[in-house]
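Notebook open, with the sequence and the coordinates side by side. I'm jotting down a few lookups as I go.

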Amino acid sequence: MAVLVYIESENNQFKKSSYEALCYGKALGDNIGEAVYGVVVNCTDTESLNAYGADKIININSSDLSDFSSKKYAHAIVEVIKSENSKIVILSSSPNSKYLGAYLSGITDSSFVSNVVELPESNNPFTVKRTCFTNKAFCETAINSEIKLIGLSNNSFGSLENQTNSNTETMEV
């Protein structure tokens, strides 16, 4: 079992918010004693991800995923969730990741909590702090589903370098 982090890219370039999501995933993985796996789609160069703490990078390889589609990406990521028996998936708060989170939630019958700003305050129940009311307030949200989907609010955690030497594994979907 591992914490999965979806690492969004465009033209083989990773988005800044994805590095932040990976750092959050690493901190969460350290807190709960789980490995952290980054999930990328059709990326040829994952070297820069070694600076942010992933234990392994899973590259989903599929010509069908050359353009973003929340439906297609969600089905591909579900295959990774199943193969790794993951219970926590971290996404950034980009528009594409929000669409993806909602779709993943429906497919996996899980909870998707967006705008998360801190690591969980409790693991039982799994409780996160998030912004609400157009970012004018905060609330505590308990996630009770078996699979937890967390959308990290941009610029809430920071990108802290944590050098690793992760292996990249290719998964055909």
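Leaving aside its neighbours within four places in sequence, which residues is S62 in contact with? I looked, and with those neighbours set aside the contacts are N42 and V173. Note to self: this is a predicted model.

Next I checked where S62 sits. I found S62 in the loop that runs between β5 (56–61) and α2 (70–84). Its relative accessibility is 11%, so I put S62 down as buried, the cut-off being under 20%. I also followed the S62 side chain, which reaches the backbone nitrogen of D64 at 3.2 Å.

Then I went over to F157. I place F157 in the loop between β11 (148–152) and β12 (167–172). Is F157 buried or exposed? Neither, as I read it: F157 counts as partly exposed because its relative accessibility is 23%. Skipping neighbours within four places in sequence, I listed E20, C23, Y24, A27, L119 and L152 as the contacts of F157. I also took the C-alpha to C-alpha distance from F157 to I58: 23 Å in space, with their positions 99 residues apart in sequence.

Last lookup was helix α1 (residues 16–32). I counted 17 residues, which at 1.5 Å a residue should span 24 Å, and the end C-alpha atoms are 25 Å apart, so the two agree. I noted that 13 of the 17 residues of α1 are buried, so the rest of the structure largely encloses this helix. Just after α1, I found G33 with a positive phi of about 75 degrees.

Notes: Residues are numbered from 1 along each chain as its sequence is written. This is a predicted model: local features need pLDDT of at least 70, side-chain atom pairs count only at pLDDT 80 or more; totals for chains, interfaces and linings use all residues. Side-chain values use heavy atoms; hydrogens and water are left out. Helices (H or I, at least four residues) and strands (E, at least two) are DSSP runs, numbered from the N terminus. Buried means under 20% relative accessible area, exposed over 50%, partly exposed in between (1.4 Å probe, protein chains only). A polar contact is a pair of N or O atoms within 3.5 Å; within protein, one must be able to donate a hydrogen and the other to accept it, and residues adjacent in sequence count only if both atoms are side-chain atoms. Contact means heavy atoms within 4.5 Å. The expected span of a helix is 1.5 Å times one less than its number of residues.
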